[in-house]
Amino acid sequence: MISTPVEPGETMQSNIISRLRRRLAGFFPTAPISVYLVVMTTVITLPLIIFVGYLMLKLEADERSDLQREAVEDARAVSRNVDRRLQEMATSLNLLSQFPELEDGDLAAFHKRVSESLQRQGLYVIVATADGKQRLNSRVPLNQPLGDVPPDIKLQDVLNGRRIAVSNIFYGKTSKEWVFNVMRPLPAALSAAGDALIMTQNASDLMGLVSTDGLPSDWTIAIVDGDNHVVTSSAPNTIAAGSVFNHAMANDTRAISGSFEDENGIIFAYSQLPGWSWKAIIWGPADNSHSALASTWRKMMIGSFALIVIAIAGAYLVGRQLRGSIRELVDMARRIGEGEIVAPIDTKIKEANQVAIALSNASFDRSQAEDRTHLILHELVHRSKNMLTLVQAMMRQLARENTTLAEFQKEVDHRLRGLGMSISALSEVQWQGLPLRKLLETHLKVFGSAADQVKLTGEDFMLSPEAAQNLGLIIHELATNSMKYGALSEAAATVELCWVRETKGENETLTIDWNEVGGPPATAPTRNGFGTTITKRHAESAFSAAISTDYNDDGFRWTLTAPFQKFLAQKKSALSN
């Protein structure tokens, strides 16, 4: 695997982190563990209390938000109820417009037919002309003189728009109370009777539609017409019909529906009646639950301070216990440093007891550790001798092949570099073995961009140190020969390097295949040089392997088949062996 160079920015970042760590180390003074525990408890507890306070504030905000949302839903429900009433009146007008008496212009018969039935429902019918003259009013007898319809109902706009509309509230001269109209233009075929059919109703009849059941106390509902006059409300004594809804926030209710809170803490929720000029408005104070939240807040603060005091006292007592146990462990460590074998101590802290047991075991393991150190040194000497033997054999072989000192030096340097790569990679893992893929990548990366032409395929596994040295030397030799004569000498060619584990009965084998594709034709060597010695005889000897070589027209192919155990670390029966 190719290592990534360290960027200057990364070095600067590391220096900054190091300086920060040194400053933090100087920031903390030397103090007993009980002091640190008290500080730690305070640091942990205070943010929790602050967080709980934040949650309380968030709860209050959420309650206000929920209150606004519920108020909007209530306003929509009221607007739907009023809308149904207006739709019923509009439907009644559509039915009345189909009465044959109107088509015949027989207003007397029409008056007789509708006045009694509608009056029981609190509804009255007016037939008017385009100039505002009343031709019929079911609220009064037929022959009684009638005046003009009030100009505030904007009858002419209804006739011009040719649609059903609701008027603003007005004070009826005939009824002597506040009323409203639902108006429908009549078709030209009914002009004998009049130009508009109007149904009127007392505003007080809508009181049942503005009930405050389910709302918080001190909340009010009102139906407001297109001119911001109150049609009806849930508090008729204070907000009377016909009064102007002149609150400072009235202009903020121009959307279809919504809610807001003014500077006095009053929440307003409103909903426009669909298809009509009226709207339902609900308002009331937002601080209904403020006193309960304030009481909860006080209790929480008192409990929090009590919790801090209890936590600090507990941390101090725990610190005293820890300090005593640590002092006993320090005394054990001092005695071990003097060469004594110590027995474990018994404290009130389980972890301290475990440390004491570990220190006691360490005192007994000391002599064994010294013996193991001597064994490791012996193993190091053994490995060094083996390595020197391999180097000597390599130099003797190269000396026989090269005629000049310069060629000999070049070949020796090249082979030692390949052997050094395996040793360097093994030293990084403390001579514990090396993954096969990492070994291959380590040897191939020295060949520069040619390493990208080698395609590695196979399941990775851990090589023993001996196998890593021997296989690394072989792969390095194969790659060197390919750079000189084979596929790696041409940019378009590739090398397929794959390995496969196979199990046949109780035996498991490993096959490593080096196959050059698309390169120059391969020819068999006329003599056995160092490369052949390494890739064949040395490979056969090191791994008890069977080696096959093919010199094909499109490249060289080398295959090794050996017992899989030859690539793994051999278990020793005892350290002394």
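Two strands count as paired if DSSP finds at least two bridges between them. Keep that in mind for the exercises below, and remember that this is a predicted model.

**Exercise 1. Find out which strands pair with β6, and whether the residues of β6 are buried or exposed.**

Step 1: Start with strand β1, residues 123–128. Strand β1 is joined to β6 by 6 bridges, and the two run antiparallel. For a spot to look at, take Leu 123, which sits opposite Gln 201 in β6.

Step 2: Now try strand β5, residues 178–185. Strand β5 also pairs with β6 in the antiparallel sense, over 7 bridges. Here Val 182 faces Met 199 in β6.

Step 3: Check the cover. Strand β6 spans residues 196–202, and 7 of its 7 residues are buried. Ala 196, Ile 198, Thr 200 and Asn 202 point one way, while Leu 197, Met 199 and Gln 201 point the other way, and all of them are buried.

**Exercise 2. Test whether the length of helix α4 agrees or disagrees with its number of residues.**

Step 1: Helix α4 covers residues 107–119, which makes 13 residues.

Step 2: The rule is 1.5 Å times one less than the number of residues. For α4 that gives an expected span of 18 Å.

Step 3: The end C-alpha atoms of α4 are 17 Å apart, so the helix agrees with the expectation.

Step 4: While you're there, pick out the buried residues of α4: Leu 107, Phe 110, His 111, Val 114, Ser 115 and Leu 118.

**Exercise 3. Classify the ring pair of Phe 260 and Tyr 270.**

Step 1: You need two values, because a pair of aromatic rings is described by the distance of the centres and the angle of the planes.

Step 2: The whole structure holds 10 aromatic pairs. In the pair of Phe 260 and Tyr 270, the ring centres are 6.4 Å apart and the planes meet at 55 degrees, so this pair is tilted. The cut-offs behind that call are under 30 degrees for stacked and over 60 for edge-to-face.

Step 3: See where the partners sit. Phe 260 is in strand β9 (residues 257–261) and Tyr 270 in strand β10 (residues 266–272), 10 residues apart, so to speak a link between distant parts of the chain.

Step 4: Look at the cover. Phe 260 has a relative accessible area of 14%, so it is buried. Tyr 270 is buried as well, at 6%.

Step 5: Widen the view. Phe 260 and Tyr 270 belong to one aromatic cluster with Phe 245, Phe 268 and Trp 283.

**Exercise 4. Work out how strand β11 is enclosed and which strands pair with it.**

Step 1: Strand β11 runs over residues 279–285, and 6 of its 7 residues are buried, so the rest of the structure largely encloses it.

Step 2: Strand β7 (residues 220–224) pairs with β11 in the antiparallel sense over 5 bridges. Val 224 is opposite Lys 279 in β11.

Step 3: Strand β10 pairs with β11 too, antiparallel and over 7 bridges. There, Ile 267 has Gly 284 of β11 as its bridge partner.

Step 4: Look between the strands. The hairpin of β10 and β11 has 6 residues between its strands, and Gly 275 takes a positive phi near 85 degrees in it.

**Exercise 5. Decide whether Ser 544 is buried, partly exposed or exposed.**

Step 1: Go to the loop between α11 (530–543) and β17 (546–552), where Ser 544 is placed.

Step 2: Ser 544 has a relative accessible area of 41%, so it counts as partly exposed.

Step 3: Note its backbone, too: Ser 544 has a positive phi of about 50 degrees, although it is not a glycine.

How values were computed:
Residues numbered from 1 in each chain as written. Predicted model: local features only at pLDDT ≥ 70, side-chain atom pairs only at ≥ 80, totals over all residues. Heavy atoms only, no water. Buried < 20%, exposed > 50% of the residue type's maximum accessible area, 1.4 Å probe, protein only. Helix = DSSP H or I, 4+ residues; strand = E, 2+ residues; numbered from the N terminus. Phe/Tyr/Trp six-rings, centres within 6.5 Å; stacked < 30°, edge-to-face > 60°.
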